[in-house]
Amino acid sequence: MADGAPQGLRYPWPEPPEFGTAIEVADGVLWFRLPLPMKLDHVNIYALDDGDSWTVIDTGFDTGKTRKLWQQMLDGPLGGKPVGRVIVTHHHPDHIGLAGWFQTEHGAELVTTRAAWLTARMLTLDEQATPLPETLAFYRSLGMGPEIYEKRAAERPFNFADVVAPLPLGYTRIQQDQTIRIGGRTWDIHMGNGHAPEHATFWSRDDNLVLAGDQILSSISPNVGVHATEPMADPIGEWLEACERLEPLARPDHLVLGGHKLPFTGLPTRMRQLIDNHHGALKRLLAYIDTPKSATECYAPLFKRKIGEAEYGLAMVEAFAHLSHLHQTGLATRTRRDDGAWVFQQA
């Protein structure tokens with residue numbers, strides 16, 4: 001969800017590094033950017049100097065282009081020194097895509113949360129040529145338009161296996177309230193939620209760095225959606241709980257290194273913006289459902305812009321997440337329409 005140009009934030013580097021090149025954002029901390037074939041066209045990668053090796057935070061998609069860029073980065077800015085460890089903040093493919101490649105081809109240790117590893121490994125093994133009946137029923141329950149539905153029902157769905165290297169057995173688990181040594185610093189581990197289950201964030205005890213993944217981004221809110229795997233999930237509730245739990249940790253001088261967009265300072269302001277953004281969306285949405293409406297009929301109050309086909313799926317699952325949160329907190333009712341869609345109305 002876009003939330004405008006945030007006020008009160010500072011961007012120390014107004015431009016990102018070119019693909020394959022690095023910007024040193026702190027002593028021994030390199031910021032890279034890798035391409036993504038979608039509207040959000042990049043993911044940020046960080047490499048921290050552990051002396052005889054590097055620790056890499058997230059990896060990008062597994063594509064031929066990305067592997068070539070990684071080789072360019074390994075030979076160039078990383079100085080030919082090995083990647084000894086890959087830390088994955090959460091299970092999404094732009095973050096875990098090449099973790100298995102680093103394990104098998106480079107002998108790196110994979111460090112992540114249990115939910116991230118289990119979810120990613122399950123999804124890489126669950127390859128589908130066409131959408132499952134449960135997925136199609138879920139699309140209908142969200143009110144997907146008939147033209148888009150027919151198109152998606154006939155085509156190969158997005159598969160993790162297309163852009164995520166196989167994950168071998170074995171990883172090192174991290175948990176809430178643990179600490180970890182990376183790049184000569186001790187980091188406190190705090191879990192986010194909502195965008196992805198057990199999303200790891202890292203808060204340096206030794207300086208002002210925060211490795212935030214997608215839990216805290218500078219100029220967009222990450223997608224918070226409900227999917228067919230858990231149709232009664234409440235990721236909006238989980239998102240707000242996580243933001244409110246992380247907010248007291250925030251300091252104005254924190255340099256936040258996120259998974260997308262630009263590094264920034266002004267974190268207390270940004271945490272309040274992220275929380276208020278969703279409360280505002282829920283308030284607008286509740287006023288909008290004075291008559292019964294499905295998820296796909298609620299784009300206008302939530303996103304305040306035209307939603308094209310490229311964003312349709314993400315917008316749909318996020319709209320449903322907000323409606324379902326209103327329902328599960330008693331502010332809205334839901335009934336099944338004749339076409340199979342859930343429609344929501346003010347309670």
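**Sheet architecture and helix packing**

Strand 3 (residues 42–49) and strand 4 (residues 54–57) run antiparallel and are joined by four bridges, with Ala47 standing opposite Val56 of strand 4. Helix 1 (residues 64–75) packs on the sheet to which these strands belong, where it touches strand 2 (29–35), strand 3, strand 4 and strand 5 (83–87), and its direction makes about 155° with that of strand 2. The model described here is a predicted one, and the arrangement of its sheets and helices is considered in turn below.

The sheet that contains strands 3 and 4 is open and consists of seven strands in the order 1-2-3-4-5-6-7, with mixed pairing. Its edges are formed by strand 1 (23–26) and strand 7 (172–173), each of which pairs on one side only.

A further open sheet is built from five strands in the order 8-9-10-11-12, and its pairing is likewise described as mixed. The edge positions are taken by strand 8 (179–182) and strand 12 (255–258), each pairing on one side only, and neighbouring strands of this sheet are turned against each other by 30° on average when direction is ignored. Within this sheet, strand 10 (residues 199–204) pairs with strand 11 (residues 209–213) in the antiparallel sense over two bridges, and Phe202 has Leu211 of strand 11 as its bridge partner.

Helix 11 (residues 309–328) takes part in two helix–helix contacts that are described here. With helix 6 (residues 146–154), helix 11 packs at an angle of about 95°, the axes lying 12 Å apart; because angles of 65 to 115 degrees count as roughly perpendicular, helix 6 and helix 11 are assigned to that class. The residues that meet are Ile148, Lys151 and Arg152 on the side of helix 6 and Glu309, Tyr312 and Gly313 on the side of helix 11, and by class this contact comprises two nonpolar, one polar and three charged residues.

With helix 8 (residues 235–246), helix 11 packs at an angle of about 85°, and the axes of this pair are 8 Å apart, so that helix 8 is also roughly perpendicular to helix 11. The contact is made by Pro235, Ile236 and Gly237 of helix 8 together with Ala321, His322 and His325 of helix 11. In terms of residue class, the contact of helix 8 with helix 11 divides into three nonpolar and three polar residues, with no charged residue present, whereas three charged residues are counted in the contact of helix 6 with helix 11.

Methods:
Residues are numbered from 1 along each chain as its sequence is written. This is a predicted model: local features need pLDDT of at least 70, side-chain atom pairs count only at pLDDT 80 or more; totals for chains, interfaces and linings use all residues. Side-chain values use heavy atoms; hydrogens and water are left out. Two strands pair if DSSP finds at least two bridges between them. Axes are lines fitted to C-alpha atoms, for helices over the stretch in contact, and angles run from 0 to 180 degrees between N-to-C directions. Contact means heavy atoms within 4.5 Å. Angles under 35 degrees count as roughly parallel, over 145 as roughly antiparallel, 65 to 115 as roughly perpendicular and the rest as oblique. Ala, Val, Leu, Ile, Met, Phe, Trp, Tyr, Cys and Pro count as nonpolar, Asp, Glu, Lys and Arg as charged, and the others, Gly among them, as polar.
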